[in-house]
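Please look over the chain below, with attention to how its strands are arranged and joined. A short report on the fold follows.

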Amino acid sequence: MSGHDHHHGSDLGTRRLAWAVAINLLLTAAQVIGGVLSGSLSLVADALHNFSDAAGLLLALVARRISKRPADEQRTFGYGRAEVVGGLINLTSIMVIAGYLLIEAVTRTFDRPEVDGWMVVIVAGFALVVDAATALLTYSMSKGSVNIKAAFLHNIADALASVAVIITGTLIILFDWYWTDIVATMGISVYIVWVSWSPMKRCIRILMQSTPEHLSIDSIAESLSLIDGVDAVAHLHVWPIDERTTSLEVSVGVAENATIQDTERIRRDAIDLLTKRYGIHHVTFE
C-alpha cells in the first residue's frame, strides 16, 4: 500500500513540475513580447530571469526521470551527474545573456528610448501572479528536495523582481522617469549573476571532483588513524559523485601480525565512522 502511495506522490510531483515549467515558459514569452512592444529592457531582463526558472524546473523534471535509471555498464555510478552538467550549461548561458543585457542597458543611457509604462505594469503584474502560482506548486515538494527548494526560492526572488519592474513602470507613468527602466535592468542583471554564481561554483566543484566543502581531508584522516589497529592512513581521496552522493577511497595500513578478524573489525569500524560522522556511504578500502 505504501509503495502505491509513494508512486502516486512521485507522479503528482512530476505533474506539478510540468505545470510550473509550462506557465513559466508562457510567462517568458509574454514578457519578451511585452518588453519589445513597450520598449522596456527591464521587462526583457525579468523575462530572462523567468526563463532561467523554467529551465531550472525543466532540469529538475528531467533529472527526476533520469534518476530512476539504474547504473549500467556505461554509467557505473548512475546518471546523477546529468543534472549537474545541465545545470552548468543553463547557468553559463544565463550569465552570458545577463552580461549582454547589462551592456545593452549601459548603451541605452545615451539613447533615452521611450517606454510604454502601462504595458510594463500590466505584464509585470501578470508575472507576479505566475511567480506566486509557481511558488505554490513547488512549495510542498521543496521540503524534501534541495534542488526543488532552490527553484522555489528562485521563484520567490522572481516575484520581488516583478515588483521592482511594476514600480519602474509606475514611475514612468507618473513622472516620465525613463531612466528607472535602465536602472532596473542593471539591477536585475547583476542580481541574476549573483544568484547564479553560487550554484555554478557547486556544479564546477562536483565535475572537478573537488572535496565537498563541508568535509575536511585532514579531519577524516585523523579520525581513521584513531581506530584501534590502524597504523597508517594514506592515498585518501574524497569526491562527490553527484549532489547527494559522496565517494571515498583510502589506503589503510594495519599491523603485520593483524588477523583476518582484526582487519574485518577495522573495516567495519571505519565504515561505521565514515557513515555516521561524515555521511559518506560509498567507500573503497585498500
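Which residue in β2 does A232 stand opposite? In this predicted model, the residue of β2 that stands opposite A232 is G253.

That pair belongs to a part of the chain where strand β1, residues 230-240, and strand β2, residues 246-254, pair in the antiparallel sense over eight bridges, and where a hairpin of five residues joins β1 to β2. Strand β2 also pairs with strand β3, residues 282-285, but here in the parallel sense and over four bridges; within this second pairing, L248 has V283 in β3 as its bridge partner.

The two strand pairings are set out here.

| Strands | Sense | Bridges | Residue pair |
|---|---|---|---|
| β1 and β2 | antiparallel | eight bridges | A232 opposite G253 in β2 |
| β2 and β3 | parallel | four bridges | L248 and V283 in β3 |

The parallel pairing of β2 with β3 goes together with a right-handed β-α-β unit, which is made by β2, helix α8 (residues 260-278) and β3.

Considered as a whole, the protein chain has eight helices and three strands, and from the N terminus on its elements run in the order α-α-α-α-α-α-α-β-β-α-β.

As for packing and surface, buried residues account for 38% of the 286 residues in the protein chain, while the chain exposes about 16,100 Å², of which carbon and sulfur atoms supply 64%. Among contacts between residues at least 6 apart in sequence, 74% join residues that are at least 24 apart.

Definitions and conventions
Residues numbered from 1 in each chain as written. Predicted model: local features only at pLDDT ≥ 70, side-chain atom pairs only at ≥ 80, totals over all residues. Heavy atoms only, no water. Pairing = 2+ DSSP bridges. Helix = DSSP H or I, 4+ residues; strand = E, 2+ residues; numbered from the N terminus. Right-handed = clockwise from strand over helix to strand, strands pointing away. Buried < 20%, exposed > 50% of the residue type's maximum accessible area, 1.4 Å probe, protein only. Contact = heavy atoms within 4.5 Å. Areas by Shrake-Rupley, 256 points an atom, 1.4 Å probe, with all protein chains shown as cover.
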